[in-house]
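Biologist: Please take a close look at one part of this model, the recorded binding site, and then place that part in its wider setting.

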There are 2 protein chains.
Amino acid sequence: MTRSPLAPAALPTLPDIAGVTRRVARARYKAWDRCDLTYVTLNEGTAVAGVLTQSKCPSPEVEWCRRALVLGKARALVVNAGNSNAFTGDRGRAAVEAIAARTAAHLGCAPSDVFVASTGVIGVPLPIHKAEAGLDAAFAAEPCSWEAAAETIMTTDTFAKVATTSAIVGGRQVELVGIVKGSGMIAPDMATMLGFVFTDAAVSPAFLQRALSAANTKTFSCITVDSDTSTSDTVLAFATGAAGNAELADEDDDGADAFVAALAELCMQLAHLVVRDGEGAQKLIAITVEGAESDRSAHVVAMSIANSPLVKTAVAGEDANWGRVVMAVGKAGEPAERDKLSIRFGTTQVAEHGLAVVGYDEAPVAAHLKGREVEIGVDLGLGDGRATVWTCDLTHGYISINADYRS
Amino acid sequence: MTRSPLAPAALPTLPDIAGVTRRVARARYKAWDRCDLTYVTLNEGTAVAGVLTQSKCPSPEVEWCRRALVLGKARALVVNAGNSNAFTGDRGRAAVEAIAARTAAHLGCAPSDVFVASTGVIGVPLPIHKAEAGLDAAFAAEPCSWEAAAETIMTTDTFAKVATTSAIVGGRQVELVGIVKGSGMIAPDMATMLGFVFTDAAVSPAFLQRALSAANTKTFSCITVDSDTSTSDTVLAFATGAAGNAELADEDDDGADAFVAALAELCMQLAHLVVRDGEGAQKLIAITVEGAESDRSAHVVAMSIANSPLVKTAVAGEDANWGRVVMAVGKAGEPAERDKLSIRFGTTQVAEHGLAVVGYDEAPVAAHLKGREVEIGVDLGLGDGRATVWTCDLTHGYISINADYRS
């Protein structure tokens, strides 16, 4: 798979997170010679929070995590790539339970301390013997880098996705590192396909959950590649507490604001990386809707534009076809008045008050569309509601990848 | 443009509809040498009904028709191809008014008796001088066939779309003929892009409206090519009354059932033709959802499947990737229980009770997917709700057409 042209030129330098150890192994879930099982151990006392797909047909991994999250603590994370184990009935549930049991026995913890996520084809039960052999290999493996873990969770991704931020909490510097994967079936309802955030901060599970949910709303929930919401979307955040700060448990605690901001920034980096590796993506598109009746309404309109095949193919063709933006605003079902609507591409206003700008010069817009990053701005002219979402263009590459992905 | 492989082998023989006369002319809305203005005259006393886009950014033609429909009578229809005149402000409104005024002066009727529809690029005011010159040419032209009118309303369509039915009403045979165009920006909220139905039956405007709205719900509202709802969607039905039957005005009138059924059958034929000419379409996909909590819920789930890029690319690739159907059911937001769900391709059950059928043999499914017509069936196992929708696959052809349509 050719590396996405939107991939970052270089990976950031990633700090170690005290209390987190990564290992990878070959479970050979598909006929490939690459690591596809990621095993992360977490020190005792690690808090966990998560956001999971709203799909009515979730994978057993998602159901497992949803139950385990209630307890708020974690000792391990196991991620399988190449098989999502979704829609596999009792055999799928048995596979998740076997993974949790084997890991718990190895670590001497409760199965509910083990979080499991899987990604890949739907409908094929995860083979338990492969998972168990892979786990045994991972237990015996040397620890590995963040980058190796980020590579191991990939499926159709063309580059490993990592991000880092830090914050000062209670006088101590805390570090955050995240890894994430895409790249199709991306219209996360509460989370992206699979994302994992690690920090050495001491944070109560409840506070971590509030911070993650808030971050998710502004980041993972604001991206879309193809409008298709996965059965397996999962974002988990783990806080080991090894930084030694006084535990964050309340929004008023010293450093809480900084931590919340750092977590949101990290999630934003990760979400953007997913879009940059959208299947077939050649351009990153940021869509900002202002002047809506509410932020929620602005988000719905922005997503209507971001999911429009006609808008996305126009951008792919570097065609300043702003009429398709009008169409997508019109179909969103949210309050809008054609004659108050204005639209810009980049910094160039192309339409306002229900028609093209007088003397509109397409040249700067055409130049903007030739770039890798495209901005579309819409002002509905009704109120103060505002939202920004990110997507990518729709190209022949998306068709090629998805017309023969499974085969 | 290559003719769609899903096009019918031959056009049906179309009866004349007494009271309806068609003419076409070259307005040259684009730099092409073809007729692009259709002018249809209707005898005095013709009743009219219509369903129009629910877009919040409708074209001035849609607004014009919405107002004129209140009066329920029609003397003429003018259709412009190559320019939708949407999002063009006062100049767009002026163009519609000029067309209605010139036609009314020619016919000696009220401007509100003239219905206008336009299709093509958004955001460019319809040039009034071209419309007027085109109208004058049409006024002077010889009457033409249904086929010529159906060809003249085309844009990216690859074949002319016509259909016919008949019914016995009050002891008299009444004829119905419809013409329609697609083929992108097709996810009609109340209607498809442009469709026109003509009958010689005598029908009151109110009854015609009820019959058309009912037909629309089961036909045009059940198709989607790309989930993008046009600013210009319009279906109008004209009843000249020339058949001489006692006017239908009530569901209990003699022949009312037959007329309603014939109109619905005609709309179904037209709707299927639109999907068969979906941009880039190689396969026609019928999706039936049963066992939903309500018919409405079944329709939402079916549309979620029909609009999923991953389902549509899987069908394009002839890949029996039923996991993507599970995904699309799960994301629809309607009541669904994974472990009650069953799925078939053609007549082959592939999954039931939340997992693949035991001993599932992919061979008959693979054979079914190689055909031009693909059936996907979903049983939610919850209730009696049922719906069928139609779409086409998502192919490289769609990308090619839409990445450089305007240029």
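Modeller: A residue is called buried when its relative accessible area is under 20%, exposed when over 50%, and partly exposed in between (1.4 Å probe, protein chains only). The model is predicted: local features need pLDDT of at least 70 and side-chain atom pairs pLDDT 80 or more, whereas totals for chains, interfaces and linings use all residues. Residues are numbered from 1 along each chain as written, chains are lettered from A and ligands numbered from 1 in the order written, and side-chain values use heavy atoms, without hydrogens and water.

An unreviewed UniProt entry lists A:T155, A:K181, A:T192, A:E279, A:N402 and A:S407 under "binding site"; such annotations may be inferred rather than shown by experiment. A:K181 belongs to strand 6 (172-181) of chain A, where strands (E, at least two residues) and helices (H or I, at least four) are DSSP runs numbered from the N terminus. A:K181 is buried because its relative accessibility is 0%. Its side chain makes a polar contact of 3.0 Å with that of A:T155 (a pair of N or O atoms within 3.5 Å; within protein, one able to donate a hydrogen and the other to accept it, and residues adjacent in sequence counting only if both atoms are side-chain atoms). A:T155 sits in the loop between helix 4 (146-152) and strand 5 (161-169) of chain A.

In the wider setting, 61 residues of chain B are in contact with 61 residues of chain A, contact being heavy atoms within 4.5 Å. Between chain B and chain A, 26 residue pairs are in polar contact, both at pLDDT 80 or more. Helix 9 of chain B gives 7 residues, the largest share of the side that touches chain A.

There are also 6 salt bridges between chain B and chain A (a side-chain nitrogen of Lys or Arg within 4 Å of a carboxyl oxygen of Asp or Glu). One of these joins B:R338 to A:E63, at 2.8 Å from N to O.

Within chain A, A:R102 and A:D136 form a salt bridge at 2.9 Å. The pair spans helix 2 (89-107) and helix 3 (128-140) of chain A, 34 residues apart. A:R102 is partly exposed because its relative accessible area is 30%, and A:D136 is partly exposed at 35%. A:D339 and A:R338 also form a salt bridge, at 3.0 Å; A:D339 is partly exposed at 33%, whereas A:R338 is buried at 8%.
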